[in-house]
Amino acid sequence: MVERSFIYTVIGVLFLFSFAVVITLVAPRYVDSSWIDPSSEYQLQMYEVSDPYSYISNSATGSYELQFVQRAVNGFTLFAYVEGPTVKIEAPEELQKYVTKGDDETLKLTSRLLILEEKKSGHFELTDPKQDELFVYSSVEGALENWVDEDFTLLEEPKVPYQKNKGVLYVKNPQEYRVREIHTPKGVGFTYDSKGHQIASIEELTSSPFSFVSRKDLIQQGEHIYAIEGCWYCHTDQTRTLVQDVVANGWEDYPAPPSTANEYIFQYTSFPGTKRNGP
């Protein structure tokens, strides 16, 4: 009798475990595909197009400010050269078609790598560096990106899949990132200088003294630290259905929706939970 009860117990445990695996890992794929798909095209392009090509480093002066550089690739990255109230772009006749004038209703995008060079007059000149890759900086820094999903046109046939989408990420008014050496109380550093040294390769960019790291690698490092330090013991990586979560992660008039699985599809390790002692 005891032996039969033991066998039934083992079978029951195996059944419950298998049932849990099916419900959590298999069933969602057939019940609602949105649970495992990216939540938006923006989310997908941030992961595939922006994060691996955006680089961050500490300030050369030892302050808390960061320095941001983007790896621009001819034929892959999308660019916009846009005039505004304080931005005037001069271009030779063959490059004028790439400039979006202040009164244009449609944003012009191109995958051709061109660079804006600042002139003494305060204006910019659009030039062709005749290189397949350059490190550039633009008007957007950090975690935000330029995004457009209406009133834009691509001046060439799409060369990579993401360029065919209804909405795309792009780099606005890129300038080549060059540096010069500076001396600080903490030692020798570097700062941007349009006439300075050109960074020639990824190896140079990521080595000392520049030590830039891609945003994709920083995200992975953050997840690793979060895991090994046990932060998930008290801090759940999840907006739960509780009032304090949906309001705290949104605001009173427009609460944030509870988390769904597609918010975690790009994470190497996910940390959702049901308990939070910390904020």
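This is a short tour of one structure, stop by stop, with something to select at each. Keep in mind as you click around that the model is predicted.

**Stop 1: helix 1**

Select helix 1, residues 2-31. Now show the side chains of F15 and F19, which sit 4 residues apart in this helix, about one turn. Two numbers help when you look at rings like these: a pair of aromatic rings is described by the distance of the centres and the angle of the planes. For F15 and F19, the centres are 6.1 Å apart and the planes differ by 20°, so the pair counts as stacked, the word used for planes under 30 degrees apart.

Is F15 buried or exposed? F15 is exposed, because its relative accessible area is 53% and the cut-off is over 50%. F19 has 48% relative accessibility, so F19 counts as partly exposed.

**Stop 2: another stacked pair**

Next, select F79 and Y81. This is a stacked pair too, with 6.4 Å from centre to centre and 20° between the planes. Turn on the surface and look for these two: both F79 and Y81 are buried.

If you enjoy rings, there are 12 aromatic pairs in the whole structure. For a group of rings, select Y137, Y177, F190, Y192, F210 and F212, which form one aromatic cluster.

**Stop 3: a hairpin**

Time for some strands. Strands of a sheet pair through backbone hydrogen bonds, either parallel or antiparallel. Select residues 115-118, which are strand 7, and residues 124-127, which are strand 8. The two run antiparallel and are joined by 4 bridges. To see one bridge, pick L116 and find its partner in strand 8, L126.

How many residues lie between the strands of this hairpin? There are 5, and G122 takes a positive phi near 90° in the hairpin.

**Stop 4: an open sheet**

Now look for an open sheet of 4 strands, in the order 5-3-12-10, with mixed pairing. Its edges are strand 5 (99-100) and strand 10 (146-148), each pairing on one side only. Zoom in on strand 10 and its neighbour strand 12, residues 168-172: the two are antiparallel, with 3 bridges. Select N146 and you should find Y170 of strand 12 opposite.

**Stop 5: strand 14 and its partners**

Select strand 14, residues 178-184, together with strand 16, residues 197-198; these pair in the antiparallel sense over 2 bridges. Then add strand 15, residues 187-192, which is also antiparallel to strand 14 and joined to it by 6 bridges.

Which residue of strand 16 is the bridge partner of V179? The partner there is H197. In strand 15, V179 has Y192 as its bridge partner. You have met Y192 already, as one of the residues of the aromatic cluster.

**Stop 6: a pocket**

Last stop: empty space. Rolling a probe the size of a water molecule over the atoms shows where empty space is left. The second largest pocket holds about 340 Å³ of space. To find it, select its lining: Q43, M46, Y47, D51, K216, I219, Q220, E223, E263, F266, Q267 and Y268. Helix 2 (41-50) and helix 4 (215-228) are the elements that each give two or more residues to this lining. Helix 4 gives the most, with 4 residues.

Try colouring the lining by residue type. You should get 5 nonpolar, 3 polar and 4 charged residues.

Conventions. Residues are numbered from 1 along each chain as its sequence is written. This is a predicted model: local features need pLDDT of at least 70, side-chain atom pairs count only at pLDDT 80 or more; totals for chains, interfaces and linings use all residues. Side-chain values use heavy atoms; hydrogens and water are left out. Two strands pair if DSSP finds at least two bridges between them. On a 1 Å grid over the protein atoms alone, a cavity is a set of points where a 1.4 Å probe fits but cannot get out, and a pocket is an open set with protein on both sides within 12 Å along at least five of seven lines; lining residues have an atom within 4 Å of a point. Grid points are joined across faces, edges and corners, and a volume is the space filled by probe spheres set on the points. Ala, Val, Leu, Ile, Met, Phe, Trp, Tyr, Cys and Pro count as nonpolar, Asp, Glu, Lys and Arg as charged, and the others, Gly among them, as polar. Rings of Phe, Tyr and Trp (its six-membered ring) pair if their centres lie within 6.5 Å; planes under 30 degrees apart count as stacked, over 60 as edge-to-face and the rest as tilted. Buried means under 20% relative accessible area, exposed over 50%, partly exposed in between (1.4 Å probe, protein chains only).
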